[in-house]
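Me: I'd like a close look at one strand and the sheet it sits in. Start with the strand, then work outwards.

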Amino acid sequence: MIVGVHPIAGFDKLLHYKVPERLAPAVAKGSLVRVPIGRRFVLGIVGMVGAPDDFPVDRLKHIAELVYDFPALPADLLELAKWMAVYYAAPLDGIIETMLPGAVRRAAALKQEKLLVVGEKLTPEEVAALEKKAPQQAKLYLFLVQQFKPVSKPLVLKRLGVGASSLNALLKRGAVREEARRVNRVAYSDDFAEGELVAALPHLLNEQQQAAYEALKAEIERDTFGVTLLQGVTGSGKTEVYLRAIHEALETGGGVVFLVPEVALTPQTVARLRSRLEAIAPGQNAVVWHSLLSEGERVDGWHELATGRARIVVGARSAIFAPVQNLRLIVVDEEHEPAYKQDETPRYHGRDVAVMRAKLNNALCVLGSATPSLESYANAQAGRYKHLHMTQRIDDRQLPFIDVVDMRIEVMRSRGMTTLSQKLVGEMRDRFERKEQTILFLNRRGYSSSMICRSCGHVEECPHCSISMTYHRADEVLRCHLCGHERGAPVRCPECDSPEIRWRGTGTQRVEEAVQRVLPRARIERMDTDTMSKKNRFRQVLQAFRAGQIDILVGTQMIAKGLDFPNVTLVGLVDADISMHMPDFRATERTFQLLVQVAGRAGRGDRAGVVVVQTFTPQAEAIQFSRHADFDGFAEGELKLRKDFGYPPYRHLIHHSFRGPNPEKLMFFAEQWARHVEKEMGERLEVRGPSPSPIEKVKDHYRFQVWYFTHGVTRVIADLNRLRREFSWPDDVIQVMDVDPVNL
Ligand code: ADP
Ligand code: ZN
Ligand code: ZN
């Protein structure tokens, strides 16, 4: 038997090997094997069984090991990997590596759990003979006889100082048996369940939920590929609808992938899911999948799925690669979240990969959000996706009232810096007295280099790209990082002539201090990536908050997701502007999403909520439309703008960055390259740049970038990648290509 193997070895090639006879029955497409390359042994995935005709078979080496006796990379994932390699212009072996968790590749835990136990008993004579002839074997055998239960193989060999050859002799003879016991540490993750796993009874669906559920059910029954966008306002009960759909898929014997933006940050979502699943599908524990799992938990969860013992996985981005069998349904919750995009190679988008995986499996992909990405929205509008709406909150709860505070007036009033407006302080004081809770949000993506006039709210934009210009302190210029357009940085506002034109960011710490000053008796807790690097800390704070031990929670928008606190009646967004004036064409979309999501956190209980939004640009569309959570109104205007400028979703964007120690050389090559691409690709691609990156220098490496705009990535990417390989780059230039970039 000959197989073609994709080695995980830093190059993209299919190498052929012979398979030893004893392994042949278990080796198949997708098997994880260890193979010799030169003097090394590396892991690889069997990509094909058999070899081309008259292939020089004689000189082939043998595969060295079959790591699991089932395909570690099921057929659909292998196909998916190949698609990703093309679409994201990324090496196949790196993608395979991403799909197989490190712990699985190391196969660590499974091997450590090899156990030894006495097999056929030896007679006393045989033992005596053994003691003479092979004392090592006798020692091992006698030790095992004294044990009551199987014992760990590596442990016992180490402790007795017995070599593998002695053990092998005993195994061959049958006097000792090897067993593999699997201690199950599958992350049905007790880390995240808050207390016992209780089956939570299903809600009686309201009319809109019922309609959405029936539509999804019909899609599942169609048993063919489809994508459905479930657009439902915050608090409309989307989770309940997903759960019913999941139940449906399980009933038909199918498997399910449920993606959430960041599991580790949404313990509540996971806990709720698990208890609800327990009610509708008892015993069908969902495997939890995210970056904080221990090696053992990871291996076991993976193993349960790969062998079909578990059929549901709940996890963040990388869970889209979980080896779920017979996949029927993929749910991508909060599909608009930038967290679905991976920031390192392979730079894939979890949502887009989910759609592709569903396609490869003839499965249904459900994208859910209150504020869909404009990409998905446009797909739905064009009829490529089914579009479902849920417009009412559960029990007809009111969407909270959004109060927009004009910070230009606050600045005038206080004659200087203000962090908290009088309005916000007044509302907080109110909640504190009524023993209700407040959450204050800040923008995580604070960018000190954007410029805004504190008197009139003016922001300088690039005339060619409709994104805000970035301030570069070193040479006192404003620069567009898309096209490189440049102008001297103004000292006074071009609109109103005020000298107050520089934006200074507001850190969570500063907000915390400001709150402390106005409400000295309030119990305040801060939550941002700095203070929350430990998962338990995050949980503790959330628990304390739920238990009412904290009055005011200050945090970045990472806490805006999926939290459901009935006693929170006030939500403040301290700095609505920052995200709006990021040098990113999605800035407005992000701001709108943030406002709506944040507002969705208020008034989840019986009391109506209030949202206070502080901004220097109260007239901005993102803010006006968010007041009524009017997504469709917002999308209409924004899509028109995108169309005029040829931005996504109307064209795809590819970002190409260059790094190196020598800026002149770098710029020279980037320029040469850009013109070369322009010439070679012609009409199929619009090239913008090169221009310096927004952060021009990191660790003494300078950075430039080129942007490509195109109508069809799949049609150009292979050519672009080929050109890139053929171009003679200097050795010290590092380049990275990012297809459909999300965080510009
Ligand atoms: P969304 O994800 O759309 O923002 P959720 O799924 O979080 O909304 O639902 C909001 C709240 O309403 C949750 O506390 C949920 O348990 C509750 N809920 C959902 N469906 C129903 C229903 N049919 N009847 C009563 N409560 C419901
Ligand atoms: Zn101004
Ligand atoms: Zn520009």
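Reply: Let's pin down "buried" before anything else: a residue is buried if 20 or more other C-beta atoms lie within 10 Å of its own, exposed if 12 or fewer, and partly exposed in between, with C-beta atoms placed from the backbone. Bear in mind that this is a predicted model, so local features need pLDDT of at least 70 and side-chain atom pairs count only at pLDDT 80 or more, while totals for chains, interfaces and linings use all residues. Residues are numbered from 1 along each chain as its sequence is written, and chains are lettered from A and ligands numbered from 1 in the order in which they are written.

The strand to look at is E22, residues 552-556 (strands are DSSP runs of E with at least two residues, helices are runs of H or I with at least four, and both are numbered from the N terminus). Five of its five residues are buried, so E22 is largely enclosed by the rest of the structure. In a regular strand the side chains alternate between the two faces of the sheet. Here Ile552, Val554 and Thr556 point one way from E22, while Leu553 and Gly555 point the other way. Whichever way they point, all of them are buried.

Now for its partners (two strands pair if DSSP finds at least two bridges between them). E22 pairs with strand E17, residues 437-442, in the parallel sense over five bridges. One spot to click on there is leucine 440, whose bridge partner in E22 is valine 554. Strand E21, residues 524-527, is joined to E22 by four bridges, and this pair also runs parallel. There you'll find glutamate 525 standing opposite leucine 553 of E22.

Zoom out to the sheet. It is an open one of six strands, in the order E16-E24-E23-E17-E22-E21, with parallel pairing. Strand E16 (401-406) and E21 are the edge strands, each pairing on one side only. Neighbouring strands are turned by 15° against each other on average, direction ignored (axes are lines fitted to C-alpha atoms, for helices over the stretch in contact, and angles run from 0 to 180 degrees between N-to-C directions).

Two helices to check against this sheet are H15 and H20 (two residues are in contact if their C-beta atoms, placed from the backbone, lie within 7 Å). Helix H15, residues 407-414, packs on the sheet and touches E16 and strand E24 (610-615). The direction of H15 makes about 50° with that of E16. Helix H20, residues 587-599, packs on the sheet too, touching E16, E17, strand E23 (568-573) and E24. The direction of H20 makes about 160° with that of E23.

Follow the chain on from E17 and you reach a group of cysteines. The UniProt record, an unreviewed entry, places the feature "binding site" at Cys462, Cys465, Cys480 and Cys483 (UniProt positions are given in the numbering used here, feature names are shortened, and annotations may be inferred rather than shown by experiment). These four span 22 residues in sequence, yet no two of their C-alpha atoms are more than 8.7 Å apart, so they gather at one spot.

Cysteine 465 lies in the loop between E17 and strand E18 (470-472). It counts as buried because it has 20 other C-beta atoms within 10 Å. Leaving aside its neighbours within four places in sequence, cysteine 465 is in contact with Cys480, Leu482 and Cys483. Cysteine 480 sits in another loop, between strand E19 (477-479) and strand E20 (486-488). With 25 C-beta neighbours inside 10 Å, cysteine 480 is buried as well. Under that same sequence filter, the contacts of cysteine 480 include Cys462, His464, Cys465 and His485.

For context, the protein chain has 744 residues, and buried residues make up 46% of them. Its secondary structure comes to 24 helices and 28 strands. Among contacts between residues at least 6 apart in sequence, 76% join residues at least 24 apart. There's also an open sheet of seven strands, ordered E11-E12-E10-E13-E14-E9-E15, with parallel pairing. Its edges are strand E11 (287-289) and strand E15 (386-390), each with a single partner strand, so one side of each is left without a neighbour in the sheet.
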